[in-house]
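Trainee: I am new to this structure and would like to learn how its features get their names. Could we go through some of them together?

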Amino acid sequence: SEQKGYGYLMEACGLLRDQGLDFHCVIAGDGPLRDHLEAQRIALQLDHHVSFIGFIKEVPEFLAALDVFVMPSIDEGLGTAALDACHSGCAMIVSDVGGLPEIITHEQSGLLVPPRNPAALATAMTRMARDPALRERLALAATAHVRKEFSVGAMVDGNLAVYQAL
């Protein structure tokens with residue numbers, strides 16, 4: 001859907017290609033913008049850099065195979081896909097929208113980028129691609145944060161605290 005910001009991700013991939021960066025972007029899932037995004041991939045000449053793989057059944061295994069998880073949303077609630085990616089040990093680049101900054105702290109557990117900004121997204125993607133130590137450090141911090149703050153127990157305790165306060 002439009003709110004997921006995949007068009008901006010495609011533009012960022014075009015910038016990465018123009019820089020000569022060796023990368024491959026895999027977009028999982030399906031939806032009403034798939035044909036438009038495939039046309040954008042062709043228009044930006046990203047055929048060898050971007051793949052659409054459709055619906056994924058084995059999400060944790062898919063996420064664990066990624067070097068970096070990018071969530072370029074322009075609007076987001078909590079961002080459960082980001083939680084899943086953290087649990088799978090992914091390094092994270094996410095837009096600074098909705099609940100995503102509750103999951104990722106910039107430069108501590110991932111990289112936050114402004115929404116609708118392909119250049120900032122490309123810069124963050126380039127940093128992650130060129131710095132494996134950064135990816136590892138941020139992924140470990142994100143996983144630890146999510147396990148502590150977003151576990152079932154922590155979520156139940158948080159909801160109970162809200163109910164008790166009311």
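Mentor: Gladly! Glu38 and Arg41 make a good start: their side chains meet in a salt bridge, at 3.9 Å from N to O. This is a predicted model, where local features need pLDDT of at least 70 and side-chain atom pairs count only at pLDDT 80 or more, while totals for chains, interfaces and linings use all residues. Residues are numbered from 1 along each chain as its sequence is written, and side-chain values use heavy atoms, leaving out hydrogens and water.

Trainee: Why is the contact of Glu38 and Arg41 called a salt bridge?

Mentor: The term asks for a side-chain nitrogen of Lys or Arg within 4 Å of a carboxyl oxygen of Asp or Glu. With 3.9 Å from N to O, Glu38 and Arg41 meet that cut-off. The two are 3 residues apart in helix α2 (residues 34-43), so about one helical turn separates them. A helix here is a DSSP run of H or I with at least four residues, a strand a run of E with at least two, numbered from the N terminus.

Trainee: What makes Arg41 buried or exposed?

Mentor: Buried means under 20% relative accessible area, exposed over 50%, and partly exposed in between (1.4 Å probe, protein chains only). Arg41 has 17%, so Arg41 counts as buried. Glu38, at 24%, is therefore partly exposed.

Trainee: How do you know that Glu107 and Arg127 form a salt bridge?

Mentor: Their closest N and O atoms are 2.7 Å apart, which is within the 4 Å limit. Glu107 sits in the loop between α5 (100-103) and β5, and Arg127 in helix α6 (residues 118-130), so this pair ties together parts 20 residues apart in sequence. Glu107 is partly exposed at 30%, and Arg127 is partly exposed at 34%.

Trainee: Which class does Lys148 fall into, buried, partly exposed or exposed?

Mentor: Lys148 has 61% relative accessibility, so Lys148 counts as exposed. Its salt-bridge partner Glu149, with closest N and O atoms 3.8 Å apart, is partly exposed at 37%.

Trainee: What makes β4 and β5 a pair of strands?

Mentor: Two strands pair if DSSP finds at least two bridges between them. Strand β4 (residues 91-95) is joined to β5 by 3 bridges, so the condition is met, and the two run parallel. Within this pair, Ser95 stands opposite Val113 in β5.

Trainee: Where do these strands belong?

Mentor: They are part of an open sheet of 3 strands in the order β3-β4-β5, with parallel pairing. β3 (68-71) and β5 (111-113) each have a single partner strand, so they stand at the edges, with one side lacking a neighbour in the sheet.
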